[in-house]
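Here are my notes on the model you sent, set out as short numbered points. I hope they help you find your way around while you have the structure open.

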2 protein chains.
Amino acid sequence: MHELVERIITEGRHVGGGIVKVDGFLNHQVDPGLTDRMGEHFVHHFTAVQPITRIITAEASGIPPAVATARLLAVPVVYARKTNSALMEADDYQADAVSRTRGTAVTLRVARRFLHPEDRVLIIDDFLASGSTLSALMAIIEQAGASLVGIGCVIEKPQEGGRERLADQHVSIVSLAKITFDGDQLHVYV
Amino acid sequence: MHELVERIITEGRHVGGGIVKVDGFLNHQVDPGLTDRMGEHFVHHFTAVQPITRIITAEASGIPPAVATARLLAVPVVYARKTNSALMEADDYQADAVSRTRGTAVTLRVARRFLHPEDRVLIIDDFLASGSTLSALMAIIEQAGASLVGIGCVIEKPQEGGRERLADQHVSIVSLAKITFDGDQLHVYV
């Protein structure tokens, strides 16, 4: 998605440690028009695996691109919760992930009644880095006995090896832009 | 918004303690069509205060209705972060809120570069209960010297007094559905 590459190049800020802040349009401030076009790209890429019955993401940054995709497909989005609130239940599907930017493990939770064995699920998330969050979402889908039909990520960081780590699942992984580092030099490409 | 009232009546689950779970369409699973129509209602209600230059919400449940409203107005959304991640900065605008469903205080944070004195800001959030989250968002807007032009909430719980607590700000508060309790009896209305 060339528009996204341009936005990362012009607005992304490399803050060191392999972290590029894209909080101007992805994970703090959201650009609704750009987000809609991300949804269009994902729908186009995953045409072959339809029907998709449900989209799963993780709070909070995955929600805008997931909802943008879901509205075009007219299917519900479930966002896995990271907080242990009074709203969650003991029998929730659960899996652990490590947050790169928080530096801690988080437990992702999805209520049983929002994921069923007959579901054909598309995962949409903001980043594919180590693959930890995506692995947790995949584990939750497996616990439910549902079918994973594809994974769409807005930005992939190929040097962190997530795609290889997820390869044994034989599922199509699509990213809209990729970021690599060569020392302090940032490369952004589709 | 009669459609929303119907959904709360048919799908909401009163789990005691004054909490009605509406996680089937608002704060765990999201119905994109319903969310779009929430956005249309908010835009209609706040026509008189335009131009609106930015929408502010709090992660995570506020994000879908905020983005649905923002896409119709073609303005950015900023969602206040509740996590102290590596992406946040020491000079962020900050204010504390108490989460009813988590039972703990959380600090909401907004980066300085996403809120400016010339901004005319609409707050959109999922719930108006005690008003604690909304008060924190209002404090952040005030720190930035921006103008608050309205507050839109999907569901209001009038018995928790949030509207009265926010009244001294003299800003228009719109909710799309209201929930009250009479003992164990739930009343839902526009």
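1. Let me begin at a small spot, B:His170. With 7 C-beta neighbours inside 10 Å, this residue counts as exposed, because the cut-off for exposed is 12 or fewer. Its place is in the loop between α5 (162-165) and β10 of chain B. The phi of B:His170 is near 50 degrees, a positive value in a residue other than glycine. Please keep in mind that this is a predicted model.

2. B:Ala74 makes a good companion to that point. Its phi is near 55 degrees, again positive in a residue other than glycine. You will find B:Ala74 in the loop between α3 (63-73) and β5 of chain B, and with 9 C-beta neighbours inside 10 Å it counts as exposed. As background, most residues other than glycine have a negative phi, and most peptide bonds are trans.

3. Two cis peptide bonds deserve a look. One joins A:Glu59 and A:Ala60, with omega at about -5 degrees; A:Ala60 is in the loop between β4 (54-58) and α3 of chain A. Another joins B:Gln50 and B:Pro51, where omega is about 5 degrees. B:Pro51 belongs to the loop between α2 and β4 of chain B.

4. How are the two chains related? A turn of 180 degrees, with a shift of 0.0 Å along the axis, lays chain A on chain B with an RMSD of 0.0 Å. That is the relation of a two-fold axis. Among the residues of chain A, A:Ala60 comes closest to the rotation axis, its C-alpha being at 2.6 Å.

5. Now to the contact between the chains, which takes 33 residues from chain A and 33 residues from chain B. On the chain A side, β3, α2 (32-45), α3 (63-73) and β5 (77-80) each supply at least two residues, and the largest share, 5 residues, comes from α3(A). By class, that side has 17 nonpolar, 8 polar and 8 charged residues. Since 100% of the interface residues of chain A are also interface residues in chain B, the copies meet through the same surface.

6. Strands take part across the chains too. β5(A) is joined by 2 bridges to strand β3 (residues 29-30) of chain B, and the two run antiparallel. Here A:Val77 stands opposite B:Val30.

7. Which strands make up the open sheet of 7? The order is β3(A)-β5(B)-β4(B)-β8(B)-β9(B)-β10(B)-β11(B), with mixed pairing. At the edges are β3 (29-30) of chain A and β11 (185-189) of chain B, each paired on one side only. Within chain B, 4 bridges join β4 (residues 54-58) to β5 (residues 77-80), and these strands run parallel; B:Ile55 has B:Val77 as its bridge partner in β5(B).

8. Two helices of chain B lie across strands of that chain. Helix α2 (residues 32-45) crosses β8 (120-128), β9 (147-156) and β10 (173-182), at about 115 degrees to β10(B). Helix α4 (residues 132-143) lies across β4, β5, β8 and β9, running at about 165 degrees to β8(B).

9. Finally, the largest nonpolar core has 116 residues, and those with the most contacts inside it are A:Leu137, A:Ile140, A:Ile141 and B:Leu137. Helix α4 (residues 132-144) of chain A gives the most to this core, with 7 residues. Leaving aside residues up to four places away in sequence, A:Ile140 touches A:Ala80, A:Tyr93, A:Ala95, A:Leu108 and A:Val110.

Conventions
Residues numbered from 1 in each chain as written. Chains lettered and ligands numbered in written order. Predicted model: local features only at pLDDT ≥ 70, side-chain atom pairs only at ≥ 80, totals over all residues. Least-squares fit on C-alpha atoms with pLDDT ≥ 70 in both. Contact = placed C-beta atoms within 7 Å. Pairing = 2+ DSSP bridges. Axes fitted to C-alpha atoms, helices over the stretch in contact; angles between N-to-C directions. Core = buried A, V, L, I, M, F, W, Y, C linked by C-beta atoms within 7 Å. Buried ≥ 20, exposed ≤ 12 C-beta atoms within 10 Å, placed from the backbone. Nonpolar A, V, L, I, M, F, W, Y, C, P; charged D, E, K, R; others polar.
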